[in-house]
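Trainee: I'm new to this one and would like a close look at a single part: how the helices of the long chain pack against each other. Could you start with one pair and work outwards from there?

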Amino acid sequence: MARPRQSEESLQRRVLLVRAVAVLLALATGAGAAAIFIQYAAADGLTPMAVFSALLLCFSTSWLAWGACLGLIGLKPSRFRAPRHEGPIASRTVVIVPVCNEDPVVTFARVAAMYRSVSAATAVPVHFAILSDSRDPGIAAAEERWFARLMADTGGAGRLFYRRRSQNTGRKAGNIEDFFARSGGAYDLALILDADSLMEGDAIVEMIRRMEADPSLGLLQTLPVVVRAQSIFGRVMQFAAAFFSPVFSRGLARLQGRTGPFWGHNAMVRVEAFAAACGLPVLSGPPPFGGHILSHDYVEAALLARAGWKVRLDIDIRGSYEEAPESVVEHAKRDRRWCQGNLQHLRIIGAPGLKAWSRFVFLQGVFAYIAPVLWAGFLISVVVDHVTQPPPNYFPDPHQFFPVFPSDETAKAIGLAIGIFGLLMMPKLLTTLEALIAGRTKGFGGTWNALKSVLADFLLLSFLAPILMAYQTRSVWQVLMGRDGGWPANLRGDARLSLAEAWAASRFIVLAGAACLTIGYFLTTQILVWLLPVAVPMLLAPVAISLTSRAARPAVGRARLFTTPEELAVPAILTLHDRVLAGWQPVAVAPAEVKSLPEPELARG
Amino acid sequence: MMRQSMFDDQATAAERVAQALELGRLPEAPRVMPTQVLERPQGRLQAWIAMLTAGPGAART
């Protein structure tokens, strides 16, 4: 018994060391950037505004450096092999699928596909529970009809269940809590999914075996791969997630120790642990900071760790999939919810008994939304400082014969800009190098195609970055102003936006970009050129949003840009889902059209 | 008032689960989920943070 304990302790020591090095490196980089900026600003005389700018730069650069550290730590391939139970499966397992105003045809077809896949992978019964929070009566009625079709098709009586709550208290977390409170005693393990999740039966069985092998494991998170993106924006994000996120996630996994993440779906929980540790309170005060906890998953992971359970991210489990927003506007809508949820964590960051790493994770989540605001604040403060500077005094001494010129520190400013750009680029460049060496580029259509996609991804996301930054800044502002964003339904599938729709969603960005350029032009033309990379994408936001929401094929598809491994070798579960959908015509129905769905053909089961 | 169960009250929990599954219904097997404590009693610092984070527009919600 002594050896595993010792190895656990040495693992913890290593984790602590890696965390300390990463945090110190990030802080040192931020401090270094601030020091260079101070030297640059001091050439014209150091002002309080310049010191404020340096402080903002310090925090922003530390955040960038932290991201770079995650990438660097994750570069080395992992030799970690999670223990798995090899004997007969004894756990009673349920797959939970919470839904809220989703298209029941597509969602229930996913359940049918996963049910068949897991039934083929193991003889041990795995139950599925569709937990509906749908408030739209038309969708609720359609759910009941299509559940009957699901049952008829699969013959899953006693294994597939559907229930709808009359009150959707606590949203998704409340939905799951309600299930555990009523039926949790019947199960040992629960796989929590989203409505758009898909998992191979083999992956589900592998998770059960890993949970059985380690009784102290409270939650096992997989790394869901984004699939089925159709629009240009969706495909860029899908490619970026497939190409870069394995390295960043490996970095995260190395830092986590026993205190891993929970992303709210595609994760398995030990019901006993989850029920005992994760009953969420309603926070005092009104939303957005009070009320129900929005980003409940982070909190649940922290609570499991507080209760002494292990929370682990296993990135080597294959066969875990999800879908992602198809347009900038859908992305921003989801981000608004996450922003409010993450900022709400400020209320519980000091909760009693939490692990230090859990508190740090909350802080990271807050920083993810504050960082763009800090960058915007830095740019504004630099402009203000420049404008309010008195003209240089070349003759400070009244009896001076020769003028005194301020020292030229432009080289420092350029060096700083290059350094920050390098911080942004380095992890991606190193990941590309890792992909080349490890032969991962084959899955992305070959080396040449992967390199083209990385370059196109960089150009497109760089152009969209100021637009996304503007949305994030607005989200933070709205939350700080006390505006509750609620929980808008996700729009899945076709997300094409006309120019008029894109303009309506982004005119504030255009106005902000125009104001930025106008102020820059009238106040100081010297820094106008520095503002252009930010202001031009903002001015063109409606065009960029509308164009990138369009279907990628055939233009992008034919060029094989942004190809991912799941497109070249379609996973079995996706094919199975397509096959079920093909039998359940009409195939893809937008949520708004659900009410007009025809009756399912029950006789065909 | 006692909640009326659709199953025989004398049956064990495991039997009740089995009965429910036979009927094709979600088993009634409650698990207690105690509400966790996340907020400390408010001290002066917490009150100050709460006031800051409530935001000037909190009253509008």
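Mentor: Sure, let's begin with a pair of helices in chain A. A:L70, A:G71 and A:I73, which sit in α2(A), meet a set of residues in α7(A), namely A:V247, A:F248, A:G251, A:L252, A:R254 and A:L255. Sorted by class, the residues of this contact come out as 6 nonpolar, 2 polar and 1 charged. Before we go on, keep in mind that this is a predicted model.

Now for the geometry. Two packed helices are described by the angle between their axes and the distance between the axes. Helix α2 of chain A covers residues 48-73 and helix α7 of chain A covers residues 232-256; their angle is about 90° and their axes are 6 Å apart. So α2(A) is roughly perpendicular to α7(A).

Compare that with another pair, α3(A) and α4(A). Helix α4 of chain A runs over residues 137-154, and α3(A) packs on it at an angle of about 25°, with the axes 9 Å apart. That angle makes α3(A) roughly parallel to α4(A), since anything under 35 degrees counts that way. As for the handedness, α3(A) and α4(A) cross in a right-handed way.

Which residues do the touching here? On the α3(A) side you'll find A:P104, A:V105, A:F108, A:V111, A:A112, A:Y115 and A:R116, and they meet A:I139, A:A142, A:E143, A:W146, A:F147, A:L150, A:D153 and A:T154 in α4(A). In this contact of α3(A) with α4(A), 11 residues are nonpolar, 1 is polar and 3 are charged.

Stay with α3(A) for a moment. Helix α3 of chain A, residues 104-121, has 18 residues, and from its first C-alpha to its last it reaches 25 Å, close to the 26 Å expected at 1.5 Å a residue. It is largely enclosed by the rest of the structure, because 14 of the 18 residues of α3(A) are buried.

Next, follow α7(A) back to the loop that comes before it. A:R228 lies there, in the loop between β7 (225-226) and α7 of chain A. Most residues other than glycine have a negative phi, and most peptide bonds are trans. A:R228 isn't a glycine, yet its phi is positive, at about 65°. A:R228 has 21 other C-beta atoms within 10 Å, so it is buried.

A:F562 is another residue with a positive phi: its value is near 60°, and it too is a residue other than glycine. Its place is the loop between α17 (555-559) and α18 (565-568) of chain A. A:F562 counts as buried because it has 30 C-beta neighbours inside 10 Å.

A further loop of chain A, between α8 (271-277) and α9 (296-306), holds A:P288. Look at the peptide bond from A:P287 to A:P288: it is cis, with omega near 10°.

Then there's A:T441, found in the loop between α12 (410-438) and α13 (447-480) of chain A. A:T441 has 20 other C-beta atoms within 10 Å, so it is buried, as 20 or more is what the label takes. Setting aside neighbours within four places in sequence, its contacts are A:A435, A:L436, A:G446, A:T447 and A:A450. For a sense of scale, the C-alpha atoms of A:T441 and A:A141 are separated by 46 Å, and these two residues are 300 residues apart along the chain.

Is A:F508 buried or exposed, by the way? A:F508 has 13 other C-beta atoms within 10 Å, so it is partly exposed. A:F508 is part of helix α14 (residues 499-523) of chain A. Its C-alpha atom is separated by 8.8 Å from that of A:A470, and the two residues are 38 residues apart along the chain.

Finally, step out to chain B, which has 2 helices and 0 strands. Chain B has 61 residues, and 13% of them count as buried. Its contact with chain A takes 29 residues from chain B and 37 residues from chain A. On the chain B side, the elements that give two or more residues are α1 (13-22) and α2 (44-54) of chain B. Of these, α1(B) provides the largest share of that side, 4 residues. By class, the side of chain B that touches chain A has 16 nonpolar, 7 polar and 6 charged residues.

Conventions:
Residues are numbered from 1 along each chain as its sequence is written. Chains are lettered from A and ligands numbered from 1 in the order in which they are written. This is a predicted model: local features need pLDDT of at least 70, side-chain atom pairs count only at pLDDT 80 or more; totals for chains, interfaces and linings use all residues. The expected span of a helix is 1.5 Å times one less than its number of residues. A residue is buried if 20 or more other C-beta atoms lie within 10 Å of its own, exposed if 12 or fewer, and partly exposed in between; C-beta atoms are placed from the backbone. Two residues are in contact if their C-beta atoms, placed from the backbone, lie within 7 Å. Ala, Val, Leu, Ile, Met, Phe, Trp, Tyr, Cys and Pro count as nonpolar, Asp, Glu, Lys and Arg as charged, and the others, Gly among them, as polar. Axes are lines fitted to C-alpha atoms, for helices over the stretch in contact, and angles run from 0 to 180 degrees between N-to-C directions. Angles under 35 degrees count as roughly parallel, over 145 as roughly antiparallel, 65 to 115 as roughly perpendicular and the rest as oblique. A crossing is left-handed if the near helix is turned anticlockwise from the far one by less than a right angle, and right-handed if clockwise.
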